[in-house]
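Subject: Structure handover

Hello,

Please find the structure below, with its sequence. My notes on it follow.

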Amino acid sequence: MLVDNIGELVTNAFGNGEGGPLGIHRNAALLVEDGLVAWVGSARSAPAADRRIDAGGAAVLPGFVDSHAHLVFAGDRAAEFAARMAGQPYTGGGIRTTVGATRAAPDSELRGTVRRLRDEALRQGTTTIEIKSGYGLTVADEARSLRIAAEFSEDTTFLGAHVVPAEYADRPDDYVGMVCGPMLAAAAPYARWIDVFCERGAFDVDHARAILACGQAVGLGVRVHANQLGPGPGVQLGVELGAASVDHCTHLTDADIDALASHRIGCMCPDGRHTTTVATLLPGAEFSTRSPYPDARRLLDAGVTVALATDCNPGSSYTSSMPFCIALAVREMRMTPAEAVWAATAGGARALRRDDVGVLRRGARADLIVLDAPSHLHLAYRPGVPLIRQVLHNGVPQ
C-alpha cells in the first residue's frame, strides 16, 4: 500500500529530508508491506503498489507512543477532580479509592475499560501504549490486571508498589516483602517492566531500590515514578539502576539533571540496546492537579532525552490525548512544536527502549497518522481540534 501526496512527512530519522530532529520530507510518499515501512522517498519516485492512500497534501507523522498510562481500573473520581479545582491540593491519596473499586470489579468490567481507553487513544493517533497495573495491590488483583493489560499492549508494567494499601498501612515492610515475593512471582509472566512510586506518602528510596532490584533479578526492565510531589531521590535512583525512564520529573535539582544528562541518547550497551534514562514528562497531571509544570526547557538544554506521555488514569490525569499533551508541552513547558512532537513519538519509543515504533523508516512498524492539517505545527497551533484524519496501525487503516 502506498501513502502518497504527503505534503510534510515526519520520519524522526536523523540525516534524512531537511535534517533536524523530525527528519522532514516534503512532497513525499511511503510504501507499506506486511505491516512494515518498506520505502520512504519523494512522491515523484514512488514505486507501484496494489493500494493507495492519498494524503491530499497533508502532514503524516509516526503514530504517538504513550509510554505511561494506567488503564486497568474501575470507578470514577470526578468529585475528587472538582474538589481540586475548588482549591484542594493533590496528595496522591485518591489512589486507594480506585483500588477499592478495582478489586470489586469483574474481569469483564476491567477489560471493557482498557478496551475503551485504548480505542479512544488510537482514534487520537496513539498506536503504542504502555499499560500499568497498580490499582489491585493484592497478589491476585495485580496478576489479573497485568493479564488483562497484556491483551492490549506489548508493554505492560507491574506497579504493585503504587501505594501501600490500607490493610498494610502499619506494616509497610511486610507489604514490600509481599511485592518482592509472591506478588512479583504472579505478575512477572505478564509484565515487561517494573515500576515504583518513589515519593513521600508512597515508597521511600530503600523500599523502592529493593523492589526494583527484585524485578531486575527476574528480567523486568525498570521504570520509576519520580519527583512528582516534591524533590526526592527517585530520579537518581532510576539512573543508578539503569531505568529506561523516570516519569513526572516535576521537581528536579541540578544534581538530578546532571545525572540524567550523563545518560544521553547515544549511550549504548555492547549488544546495541539503548541505556538512556529518559525523562518522561506528564503535563496532563499538572493540568489536572494545578501543580507546577516540569521545566522541559532546562532538561532539553542540558541534553536530556525527553518523552511526553498522558499518564491516563482516573484520578490525576484522565486524558488519553497525546495531541493535548503536545499542546500543553509547547504552551506551558517551553518546548518547541518540533521538540514536543519528537518527544511524543520517538521520545516515547526511547522510554520503552524500542526502535520499531516512533519512527518512519524502512523496517519500522507501519504505525502512522495522517493529519487534517498541512504541518505538525498544527498539533500545538490548534489545540483541542480533532486533527487526526486517519490512523494506520501495523499498516492497517483503523
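Leaving aside residues up to four places away in sequence, Cys180 is in contact with Ala210, Ile211 and Cys214. Please keep in mind that this is a predicted model. Cys180 sits in helix H5, and its relative accessibility of 22% makes it partly exposed, since buried means under 20%. The C-alpha atoms of Cys180 and Ala213 are 9.0 Å apart, with their positions 33 residues apart in sequence.

Helix H5 (172-187) also takes part in the packing around helix H4. The buried residues of H4 pack against H5, helix H2 (95-104), helix H3 (107-123), strand S8 (131-132) and strand S9 (156-161). H4 covers residues 139-149, and eight of its 11 residues are buried, so the rest of the structure largely encloses this helix. The buried residues are Asp141, Glu142, Ala143, Arg144, Ser145, Leu146, Ile148 and Ala149.

The other residue I looked at is Gln124, in the loop between H3 and strand S7 (126-129). Gln124 is partly exposed, at a relative accessible area of 23%. Its side chain reaches back to the backbone oxygen of Glu120, at 3.1 Å. With residues up to four places away in sequence left out, Gln124 touches Phe64, Ser320, Ser321, Pro323 and Ile388. Gln124 and Ile369 are 245 residues apart along the chain, and their C-alpha atoms are separated by 9.0 Å.

For the chain as a whole, the figures are these:

- The secondary structure consists of 13 helices and 17 strands.
- The radius of gyration is 20 Å, which agrees with the value near 21 Å for a compact globule of 398 residues.
- The C-alpha trace spans about 70 × 50 × 45 Å along its principal axes.
- Of the 398 residues, 58% are buried.
- Among contacts with a separation of 6 or more, 71% are between residues 24 or more positions apart.
- The exposed area is about 14,800 Å², and carbon and sulfur atoms supply 51% of it.
- There are 36 positive and 44 negative side chains, and the centres of the two sets lie 3 Å apart.

Regards

Technical notes. Residues numbered from 1 in each chain as written. Predicted model: local features only at pLDDT ≥ 70, side-chain atom pairs only at ≥ 80, totals over all residues. Heavy atoms only, no water. Buried < 20%, exposed > 50% of the residue type's maximum accessible area, 1.4 Å probe, protein only. Helix = DSSP H or I, 4+ residues; strand = E, 2+ residues; numbered from the N terminus. Contact = heavy atoms within 4.5 Å. Rg over C-alpha atoms; globule rule 2.2 N^0.38 Å. Areas by Shrake-Rupley, 256 points an atom, 1.4 Å probe, with all protein chains shown as cover. Lys, Arg positive; Asp, Glu negative; His and termini not counted. Charge placed at Lys NZ, Arg CZ, Asp CG, Glu CD. Polar contact = N/O pair within 3.5 Å; in protein donor to acceptor, adjacent residues only side chain to side chain.
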